[in-house]
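Trainee: I am new to this structure and would like a close look at one part of it. Could you walk me through a single helix and what surrounds it?

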Amino acid sequence: MSVSLQPEAIDVAAEYAELIGDQPGAAVATFPGYVRGHAEGVAVTALELEHYPEMAQKVLMTLGETAAERFKLIRWRIVHRYGTLAVMDSIVWVGAVAEHRGEAIAACEFMMDTLKTDAPFWKREEGVAGDKWVAQRGIDTRRRERWQEEAQ
């Protein structure tokens, strides 16, 4: 039940091992995210992520705690990178352990959907067409709103 903000690559196997510990629970779900080589049909060569460390840590910790309560998680973990990343570099990893697969899978989806809109990260894509700051996408906002509606 922790958060890590780091510039180095995410060791997915080590993160999984830490998440499950010596008792994996009945259901484990994870989501690894990677830098895409394109955005809106334009080639991307790198992605720069800036963040406000104290606020990002706080937001992600609150997000994990909210997911734990909402989905009755046994354990959870969120890892997010910052700095300049190449195409296919790991950018984010979330994991959830629950008594049932539905809760574990939903918790990962909830954490990712909420992270995309609420966490204080700023992305700048570098590409053949030049550099561009990434604006929040409407689909991300709608996915986040879905969780708010389901909570009511």
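Mentor: Let's start with α3, which lies across β2, β5 and β7 and runs at about 145 degrees to β7. This is a predicted model, and the mean pLDDT of the protein chain is 93, with 99% of its residues at 70 or more.

Now look at the strands beneath our topic. β1, β5, β7 and β2, in that order, form an open sheet of four strands with mixed pairing. β1 (2-6) and β2 (27-34) stand at the edges with a single partner strand each, so one side of each has no neighbour in the sheet. From one strand to the next, the twist averages 10 degrees. Strands of a sheet pair through backbone hydrogen bonds, either parallel or antiparallel. Here β5 and β7 (residues 90-98) are antiparallel partners, paired over six bridges. One place to find this pairing is Trp76, whose bridge partner in β7 is Ala96. Among the elements of the protein chain, strand β5 (residues 75-81) has the highest mean pLDDT, 98.

A second helix also meets this sheet: α2 lies across β1, β5 and β7, and it runs at about 150 degrees to β5. So what is the arrangement of the helices themselves? Two packed helices are described by the angle between their axes and the distance between the axes. For α2 (residues 53-71) and α3, the angle is about 150 degrees and the axes are 10 Å apart. That angle makes α2 roughly antiparallel to α3. The crossing of α2 past α3 is right-handed. On the α2 side, the contact includes Val59, Leu60, Leu63 and Phe71, while on the α3 side it includes Ala107, Phe110, Met111 and Leu115. By class, ten residues of this contact are nonpolar, three are polar and three are charged.

Next, follow α3 to its other helix partner, α4. Helix α3 (residues 101-118) and α4 pack at an angle of about 130 degrees, and their axes are 9 Å apart. That makes α3 oblique to α4. In this case the crossing is left-handed. The α3 residues in the contact include Glu109, Asp113, Lys116 and Asp118, and those of α4 include Asp140, Arg143, Arg144, Arg146 and Trp147. The residues of the contact of α3 with α4 divide into eight charged, three polar and three nonpolar. Some care is useful with α4, though: helix α4 (residues 138-151) has the lowest mean pLDDT among the elements of the protein chain, at 83.

If you compare the two contact lists, you can find Phe110 of α3 in the contact with α2 and also in the contact with α4. Ala106 of α3 likewise appears in the contact with α2 and in the one with α4.

To finish, here are some other strands you will meet as you look around. β4 and strand β8 (residues 121-127) pair in the antiparallel sense over seven bridges, and β4 also pairs with strand β6 (residues 83-86), antiparallel over four bridges. Leu49 is a handy landmark: it stands opposite Lys123 in β8 and opposite Gly83 in β6. Strand β3 (residues 38-39) is joined to strand β4 (residues 42-51) by two bridges, and these strands run antiparallel. In the hairpin of β3 and β4, two residues lie between the strands, and Glu40 takes a positive phi near 55 degrees.

Technical notes. Residues are numbered from 1 along each chain as its sequence is written. This is a predicted model: local features need pLDDT of at least 70, side-chain atom pairs count only at pLDDT 80 or more; totals for chains, interfaces and linings use all residues. Side-chain values use heavy atoms; hydrogens and water are left out. pLDDT is the predictor's confidence in each residue, from 0 to 100. Axes are lines fitted to C-alpha atoms, for helices over the stretch in contact, and angles run from 0 to 180 degrees between N-to-C directions. Angles under 35 degrees count as roughly parallel, over 145 as roughly antiparallel, 65 to 115 as roughly perpendicular and the rest as oblique. A crossing is left-handed if the near helix is turned anticlockwise from the far one by less than a right angle, and right-handed if clockwise. Contact means heavy atoms within 4.5 Å. Ala, Val, Leu, Ile, Met, Phe, Trp, Tyr, Cys and Pro count as nonpolar, Asp, Glu, Lys and Arg as charged, and the others, Gly among them, as polar. Two strands pair if DSSP finds at least two bridges between them.
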